[in-house]
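Work through the exercises below with the coordinates open. Try each task before reading its solution.

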Amino acid sequence: MSSRMQTLNEEQEYNWTQNDSLDRRPARDIIIAVDHGPKSKHAFDWALQHFCCAGDTVYLVHSVSSLKNNIVYEASQTLMEKLSVQALKVSRVKIVPRIVEGDAGKAICKEAEKVKPIAVVMGTRGRSLMQSVLQGSVSEYCFHNCKAAPVIIVPGIVEAGEESVVSFDKK
């Protein structure tokens, strides 16, 4: 056998620093595609909790139809600021927010080609096959066209809820 196994007596305590092969892993680049919906928020929360590690760089990618629409752009900036703060608190990751113009699926895949992340994490609405074909699905498009590994988070009934990420009520 080629693997080394350390044997210990019952009273002996194992010290992880004794193992030379456990070097610190390099930081990773990860894209999380986000929008204003609850399914996207669920995928974002899942990625921070289960996928991202301290030291990783997370590219938050949000697609808009036009950067010239001030209302849409301001709402997008608010979304990115809110998610950036949360990501920093929860996972201690470096955040690079990107608001991109264009069709969501194509824009996400184009960003993945530029960044070359280990994965592209996104939510899905859980539509049926027929609904996805008729209405189009960003996650379906990315699943088939993204060069990086797509990680599609299917929401549970309770976890995703129906709240929007950003409230538009001025208080």
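Three exercises on this predicted model follow.

**Exercise 1. Check the length of helix 2 (residues 70-91) against its expected span.**

Solution. Step one: count residues; helix 2 has 22. Step two: at 1.5 Å a residue, taken over one less than the number of residues, the helix should span 32 Å. Step three: compare with the model. The end C-alpha atoms are 31 Å apart, which agrees.

Now look at the ends. N69 caps the N-terminal end, with a side-chain oxygen 3.1 Å from the backbone nitrogen of I71. Just after the helix, R92 has a positive phi of about 50°.

**Exercise 2. Which residues of helix 2 are buried, and what covers them?**

Solution. Step one: apply the cut-off for buried, under 20% relative accessible area. A75, S76, L79, M80, L83, S84, A87 and S91 are buried. Step two: find the cover. It includes helix 1 (38-50), strand 2 (57-64) and strand 3 (94-101).

Contrast this with K68, in the loop between strand 2 and helix 2. K68 counts as exposed because its relative accessible area is 75%.

**Exercise 3. Describe how helix 3 (residues 104-115) packs against helix 5 (residues 138-145).**

Solution. Step one: geometry. The angle is about 40° and the axes are 8 Å apart. The crossing is right-handed. Step two: list the contact. Helix 3 supplies A104, G105, K106, I108 and C109, while helix 5 supplies V138, Y141, C142 and N145. Step three: sort by class. The contact has six nonpolar, two polar and one charged residues.

Definitions and conventions. Residues are numbered from 1 along each chain as its sequence is written. This is a predicted model: local features need pLDDT of at least 70, side-chain atom pairs count only at pLDDT 80 or more; totals for chains, interfaces and linings use all residues. Side-chain values use heavy atoms; hydrogens and water are left out. Helices (H or I, at least four residues) and strands (E, at least two) are DSSP runs, numbered from the N terminus. Buried means under 20% relative accessible area, exposed over 50%, partly exposed in between (1.4 Å probe, protein chains only). Contact means heavy atoms within 4.5 Å. A polar contact is a pair of N or O atoms within 3.5 Å; within protein, one must be able to donate a hydrogen and the other to accept it, and residues adjacent in sequence count only if both atoms are side-chain atoms. Axes are lines fitted to C-alpha atoms, for helices over the stretch in contact, and angles run from 0 to 180 degrees between N-to-C directions. A crossing is left-handed if the near helix is turned anticlockwise from the far one by less than a right angle, and right-handed if clockwise. Ala, Val, Leu, Ile, Met, Phe, Trp, Tyr, Cys and Pro count as nonpolar, Asp, Glu, Lys and Arg as charged, and the others, Gly among them, as polar.
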